[in-house]
Structure formats: structure tokens, C-alpha cells
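Hi there,

Here is the structure I promised to pass on to you. Have a look at it first, and then read on for what turned up.

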Amino acid sequence: MKFEEIKELDDAYVMHTYGRYPVALEKGAGATLFDTDGKSYIDLNAGIGVNCLGHANPALVAAITEQAGKLLQASNLYYTEPMVKAAQKLVNASGMKKVFFANSGAEANEGMLKLARKYAFQKSGGTRYKVLTLKGSFHGRTLAALKATGQERFHKYFGPFPDGFSYIEPNDIEDLKAHADENVCAVVMEMVQGESGVCPLDKTYVKEAEAYCKAHDILFLVDEVQTGVGRCGSFFAYEQYGVAPDLVSTAKGLGGGVPMGAVLSAEKCADVFEPGDHGTTFGGNALAAAAAGVVVDTVGNDAFLSEVREKGAYFMEGIRKIGSAHVKEVRGLGLMIGIEMDMTELKPYIEALTEKGVLAITAGKNVIRLLPPLVISYEEINTALAAMKEVFTA
């Protein structure tokens with residue numbers, strides 16, 4: 001189908017919840033996508049950080065194809081080999097103790113919050129229930145995940161929200177201590193705040209926050225939905241901060257493009273959930289688990305992660321060397337990159353990049369966000385940099 005036909009059907013039958021760009025994508029290879037007219041694009045979006053192994057990855061395609069011919073879904077009332085193998089691989093790669101599989105980042109965060117509150121209920125009989133999250137955070141689109149999100153713009157229209165959430169200033173340990181009253185059971189943070197502008201947290205602050213939580217039996221929770229599974233150059237971003245979370249949520253890249261989320265628990269909370277406490281129909285299904293197995297095998301490799309760090313450093317330095325007066329700062333971790341611009345109207349930049357065959361997205365008020373497939377080549381990076389130079393210096 002041509003773009004005009006696809007857009008007409010979209011306008012007629014799909015709820016208008018997305019501000020789409022005028023591109024209809026058809027296929028891809030590596031970090032390059034092709035639209036229905038055959039035009040190619042360097043993909044610096046990766047499905048918002050999802051397609052970590054790129055498009056049409058041979059190992060991923062083979063695993064999905066093989067599993068689709070055997071079993072897609074059986075429910076969690078029965079055992080399946082792909083699920084338990086994916087769990088084993090993920091636990092070994094992360095150093096955590098046990099895992100619960102979900103379908104998305106929001107669901108993973110919901111599960112993580114429920115697990116934290118049950119742990120606290122067992123310890124306090126229900127008096128400790130409050131969760132502290134950071135201002136500028138983003139934790140998902142369900143009601144509890146929205147309430148956990150420390151950005152007021154996401155709270156319009158949908159109240160009343162679940163109670164028990166308070167927001168603290170990032171990188172301010174005294175503000176955390178001031179809010180950590182006797183009702184607080186957990187603190188949640190992203191090592192890099194993606195949605196509010198790709199803002200890495202200060203490492204000293206994170207270490208101090210973890211130490212304070214451990215000293216007061218407050219669970220230390222890390223949201224790795226966007227930062228995890230190799231995105232920042234380590235399997236999980238928190239590894240670069242030298243901390244040991246009690247619970248970790250992840251999703252996006254975990255299935256390589258197949259919907260997959262997970263809650264990982266350290267020893268302290270590994271056996272808190274009992275049958276009936278939490279569940280999912282599709283989470284950990286055989287197809288998604290087969291995909292996740294390939295992703296973890298590929299990404300959970302020191303040489304692969306070293307390349308991610310090197311490519312990220314190369315990309316960020318290349319953007320800085322453009323020397324555009326419109327670029328205020330380039331920041332990030334691994335291949336999670338933010339380009340802070342000198343204006344808040346970024347649509348012309350995104351449209352100009354798209355016209356030149358580069359797909360990027362935004363974050364916060366004035367940041368262009370880059371989340372390319374982790375397998376992006378240096379040739380593809382250089383092509384993207386050439387397009388950025390033309391756009392940013394125009």
C-alpha cells in the first residue's frame with residue numbers, strides 16, 4: 001500500500017493518540033528502515049529503544065520463526081522451556097535472584113510497585129506504603145505508573161489516581177531524607193531520565209540514596225525500562241553506578257521487538273510474591289521468551305557492550321564536532337543520547353532530519369533523543385552525522 005492509502009485508513013479507524021510523522025514504514029535491515037516508496041532512513045529511534053538488535057536480525061528471526069511453528073502461548077499455568085531458559089539467562093546476566101515476566105514497561109513497573117508494597121506490608125502490617133519517585137521521571141501509562149511519574153503534564157484528565165506517591169528532587173540527597181518518613185516503603189529512580197530530556201543522575205547521589213535506603217529498610221528500586229538490556233553500555237545502567245537494587249523493572253529492548261517486560265528481584269524480595277498475588281495472561285509466553293533468549297545471549301556479552309560504549313562515545317563526539325550554535329549540550333550514556341537545542345520548537349529539526357533520511361524523536365522541552373539499534377554500524381552513524389550537520393547548521 002502507498003502512504004496515502006495507509007494514512008487514510010489510519011485516520012478512519014485508529015484512535016488519534018499519536019502525532020505521527022508522514023512516513024509509512026515497510027521493512028528494515030540492521031539500523032536502516034525503508035518506507036513504502038522505497039526510501040531509506042537511518043533509524044535513530046529503534047521503536048523508542050525497542051529494536052536493540054536492529055531490524056530483521058537473522059538470529060532473532062530464526063528463533064521467532066522456529067518457536068511460532070511450535071507454540072505461541074500456553075498461559076503461566078503450565079511450564080514451558082523457552083520461559084524458564086529466558087529466566088535463567090536474564091537472572092545470570094543481571095546478577096539478580098528471580099524474575100517475573102510481563103508484557104511492557106508499565107506492567108513491569110506495576111508489578112515492581114506491588115511487590116515493594118507487599119514486602120512492606122509483611123514488615124509493617126500496612127503502615128508503610130508510600131513510594132518516592134524523582135521529579136522528571138517517567139514510569140508508564142497505567143494509572144499507578146502515571147502517578148509514579150514525576151511530571152505533572154502526564155497527570156491531566158485521568159484522576160483520581162492511586163494514593164501513596166511523593167516526588168523528590170533528583171540529585172538532592174537532603175530532599176530524599178526530608179521526604180523519607182515512617183510511611184515510605186520504597187524509592188524508585190531511573191539512572192538516566194529519558195522522557196524529561198536524557199538526563200543521567202549524579203553517581204554520588206545514587207550511591208548515597210542507595211546507602212540511605214539500605215540503612216532504613218527502604219527498598220531501592222531501579223526502573224531500567226529504557227536504560228536496560230545494553231542500551232547504556234552495560235547490561236543494566238545501574239551497574240555503572242556501583243549500586244545493588246532490591247528490585248529492577250525492564251522491558252523495551254528485552255524482546256528485541258516482541259512485547260516483553262520483566263521484574264527482577266534480589267534475594268531480599270525474591271520470595272515475597274506467592275501464587276495469586278500477581279499474574280499475567282501473556283507475560284513470558286513462549287514466543288516472547290524465545291526472542292528474549294536471543295537478545296540476552298547477544299547483549300549479555302562484554303565485547304558487545306564495549307562496542308555500545310565505544311559507538312555511543314563516537315556518536316556524541318561527532319555531534320559535538322558539528323559545532324552548531326543551536327546545540328547547547330550533548331549528553332547520555334552508551335547509545336542513549338540527548339541533544340539539547342537552543343529552542344523548544346523541535347518539529348522543524350525532526351522534519352528536516354526525516355527528509356534527509358534520519359529518524360529521531362524528542363524528549364522533554366528541547367531535546368532531540370537518539371535511541372538507535374545497538375548494532376548500528378559506524379557507516380550508519382556517519383551517514384546520520386552528515387545529515388545532522390546539514391540540519392543543525394542550516
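A contact here means heavy atoms within 4.5 Å. Please keep in mind that this is a predicted model.

With that cut-off, let me begin with Gln-193, which sits in strand β8 (residues 192-193). Leaving out neighbours within four places in sequence, Gln-193 is in contact with Leu-134, Lys-135, Gly-136, Ser-137, Pro-170, Val-198 and Cys-199. Its relative accessible area is 5%, so Gln-193 counts as buried.

Next, the nonpolar interior. In soluble globular proteins, nonpolar side chains tend to be buried together. In this model the largest nonpolar core has 94 residues, and those with the most contacts inside it are Met-189, Val-299, Phe-315, Ile-368, Leu-370, Met-388 and Phe-392. Helix α9 (residues 286-299) supplies the largest share of this core, eight residues. There is also a second, separate core of 19 residues, with Ala-116, Ala-148, Val-188 and Leu-219 among them. To give you one residue to zoom in on, Met-388 touches Leu-44, Phe-315, Ile-319, Ile-322, Ile-339, Leu-353, Leu-370 and Thr-393, when residues up to four places away in sequence are not counted.

Nonpolar side chains also turn up on the surface. Met-1, Ile-6, Leu-9, Tyr-13 and Val-14 make a nonpolar patch of about 520 Å² there. Met-1 belongs to the segment before α1 (3-13) and, at 57% relative accessibility, is exposed.

Now to the charges: how many salt bridges are there? The count comes to 25. One of them pairs Asp-10 with Arg-20, whose closest N and O atoms are 2.9 Å apart. Asp-10 lies in helix α1 and Arg-20 in the loop between α1 and β1 (25-29), so this pair ties together parts that are 10 residues apart in sequence. Arg-20 is partly exposed, at 49% relative accessibility.

Two further pairs lie within helices. Glu-174 and Lys-177 form a salt bridge at 3.8 Å, N to O; they are three residues apart in helix α7 (residues 173-179), which means a separation of about one helical turn. Glu-307 and Lys-311 form another, with the closest N and O atoms 3.4 Å apart, and they are four residues apart in helix α10 (residues 302-322), again about one helical turn. The partners in this pair are worth a look: Glu-307 is partly exposed at 42%, whereas Lys-311 is buried at 6%. Finally, Lys-123, Asp-217, Asp-246 and Lys-268 are joined into one network by salt bridges that share partners.

Enjoy exploring it!

Best wishes

Terms used. Residues are numbered from 1 along each chain as its sequence is written. This is a predicted model: local features need pLDDT of at least 70, side-chain atom pairs count only at pLDDT 80 or more; totals for chains, interfaces and linings use all residues. Side-chain values use heavy atoms; hydrogens and water are left out. Patches are made of residues with over 30% relative accessible area and no salt bridge: like charges are joined within 9 Å, nonpolar side chains (Val, Leu, Ile, Met, Phe, Trp, Tyr) within 5 Å. Accessible areas come from the Shrake-Rupley method with a 1.4 Å probe; for residues, only the protein chains shown count as cover. A salt bridge is a side-chain nitrogen of Lys or Arg within 4 Å of a carboxyl oxygen of Asp or Glu. Helices (H or I, at least four residues) and strands (E, at least two) are DSSP runs, numbered from the N terminus. Buried means under 20% relative accessible area, exposed over 50%, partly exposed in between (1.4 Å probe, protein chains only). A nonpolar core is a set of buried Ala, Val, Leu, Ile, Met, Phe, Trp, Tyr and Cys residues joined through side-chain atoms within 4.5 Å.
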